[in-house]
Amino acid sequence: MPRLSHSAVAKYLDCGQAYKLQYIERYREKTTTSALLFGSAIDAAFNALLIDLQKGVLKDALTYKEAFDKAWTYGEINRKKVYLPDTAIMGYAATDFDHDILHEDDVKFLGAKAQELVPTDFTELGLEGVIKKCAEYKKQKAHGRAFKDSENRFLNLANWCSLRRKGHLMVEQYFIDILPKIKRVVDVQVKIETDNEQGDSAIGFIDAILEWEDGTIFPIDHKTSARDYEADSVRTSQQLAFYGEMTGYEKAAFIVFYKGVVKNRTKICSVCKYDGSGARHKTCSSEVSGKRCGGEWVEVLKPSIRTQVIIDKVTQMSRDNIMNTFDQVNTAVRAQIFPHNYNSCVKPYGRCAFFNICHEGKYDDVEKT
Ligand code: SF4
Ligand SMILES: [Zn+2]
């Protein structure tokens, strides 16, 4: 009897053959993406936070940053525990690296690593230079420059440090934006399972069920994203339709954390204290008795994360649709119908993991798990 998760159903609908290769033949791509593992590490931190909140023993942000660090240091790739900071099997997105948010510790660490891994490019650059170099590398990588193994390791470390800081900022932002709105944690990591008449099951894990500030209770899913969520994304989400149907609540919500860090740059003149934040002038542009001040700016960064809570009704129609879809996919899987959907082979963010299997008959970039 098939036992389908929401993501398995989504995979089947995207391409029946991809479903078969992943869930039945158990092929997985040898490499993975930072988005996936970063999302799991953030989930680990937020889970720990909500469990403590439910028990009435909430600690400070540092505790949950440590929970994040733990999951972001050793992650699971294809069922194997992997040390993440410099692994070559995790691919980063161009937007992962942000030199502005690195701490002095990171810069020192990267500086030392740079001497070890990329000596020719980094001699006498100093810490500031190392940061600039990272930004430059990032651009070159986006333009297809080929890298040596050691250079790749260095670049991965820089990306890893940057995402680590983003993770910490997200935990801090949870305390600022989200916690004040939570009246009560009803449940955390809720397993849901249902069987149809044929004995097939639909299964899932809900991040949490929360009572919101206005007294409404609903299931939520935490998301980290580089792209903006649409205002109607809850209404159109099959995942939340499933959660809504299974829990019986009228509403559901996405709590979204955007990966693009907001810098909140302030520029104050060191001479006249004029606030030139947002201005592009190299030195102070304030006029004092007809003369331009010209004082040096003191720049301070207070990075923060943009969050969005999208709460909406889960319509009866979308509940019915998702349960029907589960049944249809279960039936198709039982009948072993796995159509290729060649429209899905190339996506905006890259090729399907099984591209080389379907198009070249080659299995070298996948492994069985
Ligand atoms: S390469 Fe195309 S046809 Fe093959 S599994 Fe992926 S999406 Fe389906
Ligand atoms: Zn000034």
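## Exercises on a predicted model

K267 is partly exposed, because 18 other C-beta atoms lie within 10 Å of its own. The model is predicted. The exercises start from this residue.

**Exercise 1. Place K267 in the fold: which strand holds K267, and which residues is K267 in contact with beyond its neighbours within four places in sequence?**

Step 1. Find the element. K267 lies in strand β11, residues 265–269.

Step 2. Classify the burial. Buried needs 20 or more other C-beta atoms within 10 Å, and exposed needs 12 or fewer. K267 has 18, so K267 is partly exposed.

Step 3. List the contacts. Neighbours within four places in sequence are set aside; K267 then touches G276, S277, A279, W297 and E299.

Step 4. Check a distant pair. F97 is 170 residues from K267 along the chain, and their C-alpha atoms are 23 Å apart.

**Exercise 2. Describe the shell around ligand 1: which residues come nearest, and which helices each supply at least two residues?**

Step 1. Take the nearest residues. The ligand has 13 residues around it, and C15, A18, C345, C352 and C358 come nearest.

Step 2. Assign helices. Both α2 (16–24) and α11 (355–360) give at least two residues to the shell. The largest share, three residues, comes from α2.

Step 3. Sort by chemistry. Nine shell residues are nonpolar and four are polar. No charged residue takes part.

**Exercise 3. Examine α2 itself: which of its residues are buried, and what covers them?**

Step 1. Name the buried residues. In α2 these are Q17, A18, Y19, K20, L21 and Q22. A18 is also among the residues that come nearest to ligand 1.

Step 2. Find the cover. It includes α1 (6–14), β2 (27–29) and α11. Helix α11 also supplies at least two residues of the ligand shell.

Step 3. Look past the helix end. Just after α2, R26 takes a positive phi of about 60°.

**Exercise 4. Analyse α4: what is its span, and why do its buried residues lie on the same side?**

Step 1. Get the span. Helix α4 covers residues 61–73, which is 13 residues. From first C-alpha to last it reaches 18 Å, close to the 18 Å expected at 1.5 Å a residue.

Step 2. Pick out the buried residues. They are Y64, K65, A67, F68, A71 and W72.

Step 3. Use the arc. These residues cover an arc of only 155° around the axis, so they sit on the same side of α4.

Step 4. Name the partners. The buried residues pack against α3 (34–55), β4 (74–77) and α8 (149–178).

**Exercise 5. Compare the settings of Q189 and S289: where is each found, and is each buried or exposed?**

Step 1. Note the backbone. Q189 is not a glycine, yet has a positive phi of about 50°. S289 is not a glycine either, and its positive phi is about 40°.

Step 2. Locate them. Q189 is in strand β7, residues 182–195. S289 is in the loop between β12 (287–288) and β13 (291–292).

Step 3. Apply the cut-off. Q189 has 12 other C-beta atoms within 10 Å, so Q189 is exposed. S289 has 4 such neighbours inside 10 Å, so S289 is exposed.

**Exercise 6. Summarise the chain: how many helices and strands are there, and what share of residues is buried?**

Step 1. Count the elements. The chain has eleven helices and 18 strands.

Step 2. Give the extent. The C-alpha trace spans about 80 × 55 × 40 Å along its principal axes.

Step 3. State the burial. Of the 369 residues, 30% are buried.

Step 4. Check contact range. Take contacts between residues at least 6 apart in sequence: 71% join residues at least 24 apart.

Conventions
Residues are numbered from 1 along each chain as its sequence is written. Chains are lettered from A and ligands numbered from 1 in the order in which they are written. This is a predicted model: local features need pLDDT of at least 70, side-chain atom pairs count only at pLDDT 80 or more; totals for chains, interfaces and linings use all residues. A residue is near a molecule or strand if its C-beta atom, placed from the backbone, lies within 6 Å of it. Ala, Val, Leu, Ile, Met, Phe, Trp, Tyr, Cys and Pro count as nonpolar, Asp, Glu, Lys and Arg as charged, and the others, Gly among them, as polar. Two residues are in contact if their C-beta atoms, placed from the backbone, lie within 7 Å. The expected span of a helix is 1.5 Å times one less than its number of residues. The arc is that of the directions from the helix axis to the C-beta atoms.
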